[in-house]
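I wanted a quick look at the empty spaces in this model and at a few helix pairs. My notes follow in the order I looked things up.

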Amino acid sequence: MTAGPVTTTLAATLDEGSDPSAKKQRRIARAAGGRKSYGMFFCIVPFLVLVFLFSYFPLYGWIYALYDYRPALGLSGSEFVGFQWFQMLVSSPTQMAQIGKVLLNTLAISFLGILTSILPLLFAVFLNEVRAPWFRNLVQTLTTLPNFISWVLVYMIAFSLFSSSGLVNGMLVDSGLVTAPVKFLDTADNIWLTMTLWSIWKGLGWGAIIYLAAISGIDPSLHESARMDGAGRFQTMWYVTIPQLMPTYIVLLLLSVANLLNNGMEQYFVFQNAFNRDWIQVLDLYVYNIGMTGNSLSMATAIGMLKSVISVILLFTVNGIAKRVRGESII
């Protein structure tokens, strides 16, 4: 009676398991895999340390929200007040009205940013269609450079161009189009749109980089098939390139929604003045003004805590929506 394939395989497995050399080779392979895993772990240790120092260790500062903190006395010399600052936030009508206005500014500018978030994708698609490499590289470089310019320098550029004595007003007055300088900066009119346009100018090229990287990963056979079917350049962009970029855009869009309350502070800090303060003051700038200008660090910490908690809730909410709609989460 001949042995079947299952019997033969089982016998070979038993022989291999009883072979000392095979056991030794497996132990060596496991040891090598373990050493490789440890090596990869040690490679990311410096980044873990940086994340801890700059993302988690500062959370210790939340304790200041429980004290009536006085810098001259230090934390140990300041009075412990518990949740007094949080109670003041919800019990004071004036404070609630102020926070409501700040939230309106924050959400309005954030939603404008979300509405214009498609622009980096479109810019990357059209830039990819430029045939001359030197011109494509030049445009990409010139549009990416503003990202590395600080907002202080951006405001200096804006002041030189759009102040009452700036270049634009000088040209308008000299040409006779206006009789008095136009107040581009010293006004609250359209300030949300103005801030959004400056953000687009500064971040358009930088935001397009990730889409350009995604375009380079698209299977060339898709474009070849489209061209064989008679599709032109615009049809190829519309039916091939853009659909392939949509998963990347959706992920970035969901992250933007999760960061609705995080506008940053630098841009609005340098552009604020007595004329537009009420409409340019976003939540991050409001926290800074409360803590530094208003000399109430504990109140600023309490507001910052609430902002962080709400942002985390938004992140997990958006993650749940993404998992339900797309079948996969973003975190």
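**Entry 1: the largest pocket**

I started with open space, and the largest pocket comes out at a volume of about 1000 Å³. I'm working on a predicted model, so to speak, with no hydrogens or water in the side-chain values. Which residues of the lining sit closest to the centre of the pocket? Of the 34 that line the pocket, I noted Gly113, Ser117, Ser199, Gly203 and Ser256 as the closest.

Next I checked which elements supply the lining. Those giving two or more residues are α5 (93–115), α6, α10 (191–216), α12 (233–258) and α13 (266–271). Which of them gives the most? I found α10 in that role, with ten residues. By class, I get 17 nonpolar, 15 polar and two charged residues in the lining of this pocket.

**Entry 2: closed space**

How many cavities of 30 Å³ or more does the structure hold? I get one. The largest cavity has a volume of about 60 Å³.

I then listed the lining of the largest cavity: Phe184, Leu185, Thr187, Asp189, Ile191, Thr194, Met195, Trp198, Phe271 and Asn276. Here too α10 gives the most, with four residues. I sorted the cavity lining into six nonpolar, three polar and one charged.

**Entry 3: α10 against α12**

Both helices turned up in the pocket lining, and I looked at how they pack. The axes of α10 and α12 come within 10 Å, and their crossing angle is roughly 135°. That angle makes α10 oblique to α12. I have the crossing down as right-handed.

Which residues make the contact? From α10 I wrote down Ile210, Tyr211, Ala214 and Ile215, and from α12 Thr241, Leu245, Thr248, Tyr249 and Leu252. Sorting the residues of this contact gives seven nonpolar, two polar and no charged.

**Entry 4: α11 against α12**

I stayed with α12 and turned to helix α11 (residues 220–228). Their axes come within 10 Å and cross at roughly 160°, which makes α11 roughly antiparallel to α12. Is the crossing left-handed or right-handed? I read a right-handed one, with α11 passing α12.

On the α11 side I found Leu222, His223 and Ala226, and they meet Thr236, Val240, Thr241 and Gln244 of α12. The split for this contact is three nonpolar, four polar and no charged. I also noticed that Thr241 is in my list for the contact with α10 and in the one for α11.

**Entry 5: α6 against α7**

My last pair was helix α6 (residues 118–128) and helix α7 (residues 133–144). The two axes come within 10 Å, crossing at roughly 155°. That makes α6 roughly antiparallel to α7. The crossing here is left-handed.

What meets what in this pair? Phe123, Leu127 and Asn128 in α6 meet Arg136, Val139, Gln140 and Thr143 in α7. I count the classes for this contact as three nonpolar, three polar and one charged.

**Entry 6: looking back**

One helix kept coming up: α10 gives the most to the lining of the largest pocket and to that of the largest cavity. I also have α10 down in the right-handed crossing with α12.

Conventions. Residues are numbered from 1 along each chain as its sequence is written. This is a predicted model: local features need pLDDT of at least 70, side-chain atom pairs count only at pLDDT 80 or more; totals for chains, interfaces and linings use all residues. Axes are lines fitted to C-alpha atoms, for helices over the stretch in contact, and angles run from 0 to 180 degrees between N-to-C directions. Angles under 35 degrees count as roughly parallel, over 145 as roughly antiparallel, 65 to 115 as roughly perpendicular and the rest as oblique. A crossing is left-handed if the near helix is turned anticlockwise from the far one by less than a right angle, and right-handed if clockwise. Contact means heavy atoms within 4.5 Å. Ala, Val, Leu, Ile, Met, Phe, Trp, Tyr, Cys and Pro count as nonpolar, Asp, Glu, Lys and Arg as charged, and the others, Gly among them, as polar. On a 1 Å grid over the protein atoms alone, a cavity is a set of points where a 1.4 Å probe fits but cannot get out, and a pocket is an open set with protein on both sides within 12 Å along at least five of seven lines; lining residues have an atom within 4 Å of a point. Grid points are joined across faces, edges and corners, and a volume is the space filled by probe spheres set on the points.
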